[in-house]
Amino acid sequence: MITLTPLKFSRKLPLLLPLFGAIVLCLSVVPHVAFAAEGDVENGEAVYLKRCVGCHGIDGDGLGPGYDRLVPPPRDFTSGMFKIMSTAFDGYVPQDQDIYEMIRLGMPGTAMPGWADVLSEQDMWDLVAYLKMFPGYDEETPGPVVDYGEQVAISAESIEIGKTLFLEDDRCSECHGDEGKGDAIKRLLGDNGERTWPRNLTKPWTFLHSNDPKDVFTRISVGIPGTQMPSFADPASKLQLSIEERWHVANYVNSLAKTVEVVSAENTVVKSHRLDGEIADDPEDAAWQEATPTTFFLVPQLIAKTRHFTPSNDTITARSLYNDDEIAVLLKWDDRTLSLPGDEDAEKIADSSIYEDQVAIQLPVNPTKGAAKPYFVLGDKERPVSLWRWRSGTTTEPQSASVEIATGPQTPVEPSNQTVQANGRYESGTWTVLFRQKLNADHDSALTFAEGEFIPMAFAVWDGSNSETETKHTLTTWYWMLPESSSTALPFIGAILALLIVIGLEMLWLRAGARKREAEA
Amino acid sequence: MQKIPKFIQALLIVFGIYFGFILVFDVILDHLIPNSLLNMYMFFIVAGVLAVYTFTEEGTRELLAPIKSLVEDPSKVGTRKIVFVVVPILVAGYVFMQLLPSVEAPLELRSIHPAPPSTVKIYGKRYDLRTLTNPYRELEHEDPEEFSDMVEAGADVYVRNCHFCHGDKLDGQGPYAAGLNPVPLNFQDVGTIAQLQESFLFWRIATGGPGLPDEAAPWISSMPVWEEFLTEEEIWQVILYLYDYTGHEPRSFEE
């Protein structure tokens with residue numbers, strides 16, 4: 001998740017520079033340590049038994065006690081296949097270095113952590129040696145590494161060519177979607193028959209290795225063993241790409257990374273901008289384009305019964321606008337599937353049962369006093385929450401929106417006397433839903449959005465094609481919404497006053513000094 | 001060696017401490033120090049420095065000498081003009097920034113290890129947390145084989161339930177940790193389970209976030225109420241595992 005934590009440079013910069021210099025200096029004098037050629041299998045086993053069995057199992061078959069609660073499931077070492085491999089087509093034995101790197105860095109977007117902070121280099125090489133002892137690993141020496149040819153530098157031109165190749169004959173877009181968001185039109189399976197989803201290429205933090213063009217080039221050239229991602233270096237494939245073409249596609253994939261709607265530790269407040277006029281329905285409208293996006297992590301609902309272990313989405317982005325009459329919240333999240341119960345195509349892609357897609361905004365029913373808030377999972381008896389909920393509809397029912405009152409995760413929700421309007425649009429793997437609520441409406445318990453006052457806000461999302469319904473969904477913790485104050489002259493008046501006061505004091509001081517000199521003279 | 005003027009000394013101390021705080025918290029610990037807290041610390045530090053340097057009249061004079069000479073010394077007209085223009089602009093800028101409406105999220109303070117109640121009702125039974133001990137702890141000496149089976153059973157409980165947030169390495173960095181606030185506890189850290197008795201862990205696990213007292217902000221804790229998912233035996237086993245994996249020792253009542 002390193003990619004997600006923006007460095008807070010503003011205050012740190014003056015301190016970081018000398019530190020960084022010192023680190024570079026240290027690194028340059030430490031000689032590179034040569035790789036251990038042969039790992040110690042016995043020590044590898046000891047490390048494996050302490051650190052790895054929980055997921056990968058004592059027999060290395062990926063059936064450790066936690067296996068059925070992990071998505072993707074833990075690697076089955078007895079299959080002999082490793083997803084991140086740099087051995088050229090059509091080799092199937094990974095390089096030792098590949099296995100080592102997976103242990104060292106972990107696999108982002110999965111439960112596999114990087115072990116470099118806990119294990120020594122030697123321990124990790126010993127683990128590599130031990131993993132190779134499992135039946136299924138082929139003892140043959142690995143074939144040659146992928147031929148990288150001459151790397152094509154990232155450029156607008158290369159990215160454009162890459163995009164054409166990506167879309168040509170539906171080469172990549174067949175699974176990854178026209179915009180790379182993995183909006184599947186195919187049901188994909190892993191080597192153990194488990195459900196897999198194509199990578200959303202706009203979310204580089206979920207890449208099993210990284211979205212560095214060289215890594216992407218390797219994946220395109222080798223494929224991802226154990227999945228349906230094929231090798232595009234395969235001469236038998238109609239979709240084969242030359243080395244240079246693969247660099248263009250890699251550069252294009254790298255360019256797909258989201259830059260705007262990403263989580264930022266410094267931005268946890270949904271700022272609602274004030275408008276004088278109407279709030280537009282169209283998310284492309286200038287006012288919406290200018291509204292600050294705030295993106296939050298979604299986590300699966302692992303807290304209350306019944307728990308959800310297999311989420312398909314990890315972020316949601318909110319924007320907000322308000323005027324004298326109403327407040328509007330625009331939510332956007334990537335969803336690989338348009339879940340339309342009753343629709344044949346949608347049902348084919350979905351898990352066994354299909355439900356509507358849904359999204360909900362959670363707010364306290366009553367203004368919060370002091371630090372106390374409602375319980376973040378659907379409130380509690382003392383402090384209920386309102387849910388503004390939108391449902392995507394079925395083939396026979398249109399989209400719908402409602403306000404509900406919840407008093408805890410285990411209590412059924414009740415309808416509220418409030419109303420909310422919501423409209424959703426699904427396009428290229430992204431849902432955009434716009435909520436509107438009248439301000440100061442004649443409700444018994446109308447929530448008051450007051451200028452300049454923070455109000456707790458949380459979100460929940462259901463992907464109906466991923467068996468998400470009722471308590472099985474993803475959610476955020478409490479964050480904040482802030483209806484921004486309309487601009488006032490106060491800061492300017494304050495600044496001018498301060499300026500005059502300081503200048504006045506300076507004048508007095510100067511005169512006192514001058515008088516003193518006169519007296520001395 | 002030439003003596004550094006007192007005025008410069010005072011400035012060096014104040015700014016040194018200021019950047020020291022930022023270095024330690026923001027850079028080394030990677031844990032942004034809240035502005036309000038930093039301002040409060042700096043207020044006391046400036047007050048302290050002034051108190052020390054103005055303890056004697058001579059000291060006061062020495063401290064203020066550069067400022068006095070700036071106003072009174074005719075040879076410093078150039079510097080004076082610059083300072084007298086820059087200072088009001090800085091003050092006005094500061095006031096302007098302070099008066100802009102804040103969009104920084106309100107600060108939420110909470111107690112991480114709140115005082116436990118003396119007794120607590122779990123599984124329909126009342127437990128006295130002041131005397132409650134892990135029933136399997138004694139196996140460590142009496143029957144090491146049985147003990148290691150218990151630890152292994154705890155490992156299974158952990159990987160099926162806890163690692164999503166607390167992490168495979170028990171470092172509080174599970175795959176979903178980044179989406180939670182407050183962040184999951186890091187058991188490797190010497191400031192968490194190493195400081196606690198097993199009965200405290202039992203209470204925290206069994207009653208989860210909603211079982212916290214108000215000063216610990218139960219409404220934002222993501223810790224499930226494990227009483228609803230795990231048996232009493234499983235909770236004691238997972239506690240054994242937490243200590244075994246991290247190598248920490250639980251605190252005992254005698255200490």
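**Exercises on a two-chain model**

The contact is built from 57 residues of chain A and 46 residues of chain B. Keep in mind that this is a predicted model.

**Exercise 1.** Work out which helix of chain B gives the most to the side that touches chain A, and what classes of residue that side holds.

*Solution.* Start with the helices that each supply at least two residues to this side of chain B: α1 (6-28), α3 (57-72), α4 (77-99), α6 (144-161) and α7 (163-166). Of these, α4(B) gives the most, with eight residues. Now sort the side by class: 31 nonpolar, six polar and nine charged residues.

**Exercise 2.** Find the residues that touch the most other members of the largest nonpolar core, then follow Ile239(B) outwards.

*Solution.* The core has 135 residues, and Val249(A), Phe435(A), Phe459(A) and Ile239(B) touch the most other members. Helix α9 (residues 232-246) of chain B brings the largest share, eight residues. Leaving aside residues up to four places away in sequence, Ile239(B) touches Asn134(B), Glu198(B), Leu201(B) and Phe202(B).

**Exercise 3.** Locate the cis peptide bonds at Pro72(A) and Asp90(A).

*Solution.* First, Val71(A) and Pro72(A) are joined by a cis bond with omega about -5°. Next, the bond from Phe89(A) to Asp90(A) is cis too, with omega near 0°. On the chain, Pro72(A) sits in the loop between α3 (53-56) and α4 (96-105) of chain A, and Asp90(A) is also in the loop between α3 and α4.

**Exercise 4.** Decide whether Tyr123(B) is buried or exposed, and place it.

*Solution.* Tyr123(B) lies in the loop between β1 (119-122) and β2 (125-128) of chain B. Its phi is positive, about 50°, though it isn't a glycine. Count neighbours: 11 other C-beta atoms lie within 10 Å, so Tyr123(B) is exposed, the cut-off being 12 or fewer.

Definitions and conventions:
Residues are numbered from 1 along each chain as its sequence is written. Chains are lettered from A and ligands numbered from 1 in the order in which they are written. This is a predicted model: local features need pLDDT of at least 70, side-chain atom pairs count only at pLDDT 80 or more; totals for chains, interfaces and linings use all residues. Two residues are in contact if their C-beta atoms, placed from the backbone, lie within 7 Å. Helices (H or I, at least four residues) and strands (E, at least two) are DSSP runs, numbered from the N terminus. Ala, Val, Leu, Ile, Met, Phe, Trp, Tyr, Cys and Pro count as nonpolar, Asp, Glu, Lys and Arg as charged, and the others, Gly among them, as polar. A nonpolar core is a set of buried Ala, Val, Leu, Ile, Met, Phe, Trp, Tyr and Cys residues joined through C-beta atoms within 7 Å. A residue is buried if 20 or more other C-beta atoms lie within 10 Å of its own, exposed if 12 or fewer, and partly exposed in between; C-beta atoms are placed from the backbone.
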